Amino acid sequence: MLRLRTDGGKLEEQTALADTPVAVLGDWGIGKSSLLLKLAAICAQPQHGICPVSLSIGTDLTDYRRLAESLLEKLGETIATSHSVIERLRTEANDWKLRRVSVGAVTLERETPLFLSSGSALLRHALNDAWKRFLRPSHFNGAMFFLDDLNNLPRTVDGALALRDQFQSLAIEGLNYSVSFSAKADFFSGVRSFAEPAVRFYNKLYISEFTLDETRDYVAAAFGVKPGHSNDLAHWLFGKTLGHPYFLAFISRKLLTQARGSVPQSPARYWPEILKQLETEKFSCDLAHVSDKENELLRTLAKSAEYEFAPGQFVKKSDHVYFRRLTEKGLLIRTKRGKYKFYHPLFRVFRRGPSLTLSSTQLLTN
């Protein structure tokens, strides 16, 4: 079960429709990528007949043409490895993919050697070809692209508008393709010039922290018990996670494994091992794109007794840029003018080191 904040501010469970464009929005690290993967898994279920194509948007995609090429590359890989595709089509799909890579801007339709200069034209032509050659013969009802971190695309406004126009036009032509993506919570604030048509195109799901009551509901569903029978565990989990959806799901899953599917009577006994797994599976990834200078600054901030940090307390004025960079990478949050904090106390505990203790987060280490 996932709790998602919708446009109206109401917290409710959402079930993704396979053919509905979805924008998963929220702060960095809160679980957007995990939810997007879950939506892709739902689409992959046989009863939907949807081919899910997942792509992480990196900063190396410099324009819409590069995005179009990457989408087609992933589509070819997905078709070639899909269990629903018969062997003859699987081999041809792999050949189709390789041809696209080898010929670059030349059309993928072998009988029509047309040069396609724009990303939109390339995508439209190739998706039409893939629909007729692979998806319909394999009895797919359609395909959905899941784009993680769309905000990494340069000129986000132009890219988002192009995607909307692209997939609307494909639907008009009778091609059942759809697109969903994850992005920062303020993604649509930067597209005011076409806010009405672009924003309405997507079913927007805002992920935010759970309240204590919502945490109780989550624990009851995750552990299969009545809400009143899980209060102690819900309080313990809320103390660890502060309602952060990713950490809540991660720790609950590990507890279910450790306690063999039952409600643990003493969850604290499993905490040291779970914290090690968090460091390996989550926090190490958080630091993957952090420079040595930024990493050292994070360690210095973690050892501070302050809850919020002013750059002038730790670095000279010329190095204030490191606070901005760490904020862009999601590891720090700007709380107000000239003040920053860690994106979550658990990450601060990790950066602080195992031998040190934070008085403000004692409940996270007990």
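**Close-up views of α9, α10 and the loop between them**

**View 1. Gln265 lies in the loop that links α9 and α10.** In this predicted model, Gln265 is exposed, because its relative accessible area of 77% is over the 50% cut-off. A polar atom of the Gln265 side chain is placed 3.3 Å from the backbone oxygen of Val263. Leu233 is separated from Gln265 by 32 residues in sequence, and the C-alpha atoms of these two residues are 8.0 Å apart in space.

**View 2. Helices α9 and α10 cross at roughly 130°.** Helix α9 spans residues 245-258 and helix α10 spans residues 271-286; their axes come within 11 Å. The crossing angle therefore makes α9 oblique to α10. The crossing in which α9 passes α10 is right-handed.

**View 3. Side by side, the residues of α9 and α10 that form the contact.** From α9, the contact involves Tyr246, Phe247, Phe250, Ile251, Lys254, Leu255 and Gln258. The contributors from α10 are Trp271, Glu273, Ile274, Gln277, Leu278, Glu281, Lys282 and Phe283. Sorted by class, the contact between α9 and α10 comprises nine nonpolar, two polar and four charged residues.

**View 4. The protein chain as the setting for these close-ups contains 14 helices and nine strands.** Of its 366 residues, 48% are buried. Among contacts in the protein chain with a separation of 6 or more, 67% are between residues 24 or more positions apart.

Technical notes: Residues numbered from 1 in each chain as written. Predicted model: local features only at pLDDT ≥ 70, side-chain atom pairs only at ≥ 80, totals over all residues. Heavy atoms only, no water. Axes fitted to C-alpha atoms, helices over the stretch in contact; angles between N-to-C directions. Helix = DSSP H or I, 4+ residues; strand = E, 2+ residues; numbered from the N terminus. Parallel < 35°, antiparallel > 145°, perpendicular 65-115°, else oblique. Left-handed = near helix turned anticlockwise from the far one by under 90°. Contact = heavy atoms within 4.5 Å. Nonpolar A, V, L, I, M, F, W, Y, C, P; charged D, E, K, R; others polar. Buried < 20%, exposed > 50% of the residue type's maximum accessible area, 1.4 Å probe, protein only. Polar contact = N/O pair within 3.5 Å; in protein donor to acceptor, adjacent residues only side chain to side chain.
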